[in-house]
Amino acid sequence: MKADVGAPISTGGVGALLRLPVYGRKIGGAAEYVIIPALALAASLVLFGIFVGLFGKNPLDLYFYMYQGAFGTWFSWQNTLTRAAPLILTALCTALPAQLGMVIIGGEGALLIGALSATSAALALPDVSPWFVDIAMAVAGMFGGGLWIALSGALRQYRGVNETISSLLLVYIALAILNYLVEGPMRDPTSLNKPSTREIGAANMIGNIPGMEVHWGLVFGIVAAVLSYILIYHTVFGFAARVAGGNIRAAKVVGLSVGKLILITCFLAGAAAGLAGMMEVAAVQGRTNANLAAGYGFAGILVAFLARQNPLAVIPVSILLGGIGASGGLLQRRLGLPDASVLVLEGVIFVMVLASDTLYGRWSFFKGKAG
Amino acid sequence: MNFDKISRRRMLQGTAALTVGSAFTLQRAAAADTTVGFIYVGSRDDYGYNQAHAAGAAALKGMAGIKVVEEEKVPETDAVEKTMESMINLDGATLLFPTSFGYFNPHMIKMAQKFPKLRFEHCGGLWTDKDPKNAGSYFGYIDEAQHVAGIIAGYSTKSGKLGFVAAKPIPQVLRNINAWTLGAKLANPKVTTQVIFTGDWSMPVKEAEATNSLVDQGVDVITCHVDGPKTVVENAARRGAMVTGYHCNQSVLAPKAYLTGAEWNWEVLYPRFVKMFTSGETIPNFYRGGLKEQLVKVSPYADMVSAEAKKKADEVKAALTAGTYTIFKGPIADNKGKVVIAADVSRGQTDPELEKMDYLVEGVLGATS
């Protein structure tokens, strides 16, 4: 049974976190992947309730406000989905290379480079139709972000540089490039106290999804997640990637081109984060400035690990974390809890989900059904 | 309807429904009092920018009929739009103070257009007549307080070397560095201010490194313009240097090193705005002021500050308060020797040229780019 769950990857200590499961083969197995995380989540909420209770707040109030702030009203839902939208795309930046056993944590850098590339594309095309500008922005954003993470992949493949470290360091380089361009060559001279690029123009802004106040990034994120799922679990490429992730030597022995797999997967991962950056520019900020470094890339790492690197699971987990973010404000306002309490909850969930890893394959209930 | 048939149970149900109904009305009535929302980009107890605003919000809490709701650590993304909407939809806020500079455009503007009956007040002074009329922007001439603190710094330094840890070389920051240095030069024309830019508003590690490096160079009075001066103040004090504070009073962090400081005075402004709002008076869309309008203040001087320094600082403070003193009065040269304000030119606080400041005055060691 254990083998079905996926073999640990041989990338040392971090690799142990990454068991790459084969989903949906057996009904029992699928149920396991829903019930165990749900139990972990419930346990986290109980623990967090106790934690909040120790500070003299009523845990029932806590649960009520969390529900109300995240999912209780139509407005709360939109608030949650707005926050979830960039997370789906940045989580894919970690989840895709994870199939190859790589731990990429530099989604923030790809997002920033994607945003810069997209803004440059829009500013370079002043008098063309908005449709064309937006497509150019998306292509430029995905290309920029893709190259950024492919750089980490190339360093690992050709120079043996640890991709976790290199992708993280590339975040700081991306931020430095962004600050340099925004405060220097690309600066709008009228942006005195808030150095920014020129605006891409109201006509080029991508609006909201009709009927709701959530921008199109949510739809793009869901489409990208579904495509990633199909790529990983239903194509030869994805199968090859998973084989290489399981045992890189075995993959080479059977003649898989591991280098190509790494570069392409990293490029796709970076493209997802780059698209998130493009959406932040085209749907929210309207220009590039330091506001873009809001930590979506880093939050995406958490989402990917909670989703156990499954591209489809990234969607509900993003919505969950978006909901926690949305309800965090209400907790501050109604219960007087500091902002850090939300981080405590996210930390508890993270630990519980990782700890619950040990439960997979141990319950005869699931085995019986599966067998 | 046959009244005889109304059972006792029905009766009770009816009464209960009425009670619930009236409870709702009561709640509505309470909500009809003014709810004011405050949004901070960092944490409310950062001993800096956000704490200064939170102190202003706290000053409203005693006012009758005013309810204050607050949210901290809200990034300058669409998250702040949703926070504003959440305060409006779920808390009934009618007056909002998104306090961070980056909240203004496009976030607050978008919300002001969406909720034309509500009032939005932003800190930073960015409003122009193209922006919605139910939005406003206020700011304080804190360089006046920096100028006074600079005088104290100039009298207190023994090495003649001052230090300034700054975030970014933008007009607002340059204006503070220049005003502080010009103040110090009133005490001792030979002082120099070494400036170090950290590159961003909240970079505690770089701020600590900058502070250490300044002390290593012989600097003995340090100030800063970053979001949370805590790191700079504590590190400077630990290394035996003196400090003048910024944003709010940091004397509790370094009682033996804190000479004075330039503080915001939102405790005065926010009750003023809320009174205007509740009495139906329109809050000016563009509101600015300095020591005279009580938008900024100078921390009480420490005991170690010399009598001479206190006297000169009080003199200038009184003149600034009376409106008879100009900080940026020519001739002023920049640190490359170029005259930036000619001998016969006097740039008062409202002069738009000061908003575009892109130079460091003579005596400042450092470059804007």
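Me: Leaving aside neighbours within four places in sequence, which residues is E263(B) in contact with?
Reply: Happy to start there, keeping in mind that this is a predicted model. E263(B) sits in strand 10 of chain B, which covers residues 258-264. Setting aside neighbours within four places in sequence, its contacts are A52(B), A145(B), H247(B), C248(B), N249(B), V296(B), K297(B) and S299(B).

Me: Is E263(B) buried or exposed?
Reply: The test is a count of C-beta atoms within 10 Å, and 20 or more others make a residue buried. E263(B) has 23 C-beta neighbours inside 10 Å, so it counts as buried.

Me: What separates the C-alpha atoms of E263(B) and A52(B)?
Reply: A52(B) is one of the contacts of E263(B). Along the chain the two residues are 211 residues apart. Their C-alpha atoms, though, are separated by 7.8 Å.

Me: How many residues of helix 3 of chain B are buried?
Reply: Good one to look at in the viewer: this helix runs over residues 78-91. Among its buried residues are the charged D78(B), E81(B) and K82(B), along with M84(B), M87(B) and L90(B). The helix is mostly covered, and of its 14 residues the number buried is ten.

Me: How far apart are the end C-alpha atoms of helix 3 of chain B, and what span should its 14 residues have?
Reply: At 1.5 Å a residue, the expected span is 20 Å. The model agrees with this, because the end C-alpha atoms lie 19 Å apart.

Me: Which residue with a positive phi follows helix 3 of chain B?
Reply: Step just past the end of the helix and check the backbone there. The phi of the residue that follows is near 70 degrees, and that residue is G92(B).

Me: Which helix gives the most to the largest nonpolar core?
Reply: This core has 111 residues, and L92(A), A272(A), L275(A), V303(A) and V314(A) touch the most other members. L92(A) itself touches A272(A) and V314(A), and its other partners beyond four places in sequence include A224(A), A269(A) and P311(A). A second, separate core of 106 residues includes W127(B) and A145(B). With 18 residues, the top contributor to the largest core is helix 12 of chain A.

Me: Which helix gives the largest share of the side of chain A that touches chain B?
Reply: The contact takes 20 residues from chain A and 27 residues from chain B. On the chain A side, the elements giving two or more residues are helix 5, helix 12 and helix 14. By class, that side has seven nonpolar, nine polar and four charged residues. The largest share, five residues, comes from helix 14 of chain A.

Definitions and conventions: Residues numbered from 1 in each chain as written. Chains lettered and ligands numbered in written order. Predicted model: local features only at pLDDT ≥ 70, side-chain atom pairs only at ≥ 80, totals over all residues. Contact = placed C-beta atoms within 7 Å. Helix = DSSP H or I, 4+ residues; strand = E, 2+ residues; numbered from the N terminus. Buried ≥ 20, exposed ≤ 12 C-beta atoms within 10 Å, placed from the backbone. Expected span 1.5 Å × (residues − 1). Core = buried A, V, L, I, M, F, W, Y, C linked by C-beta atoms within 7 Å.
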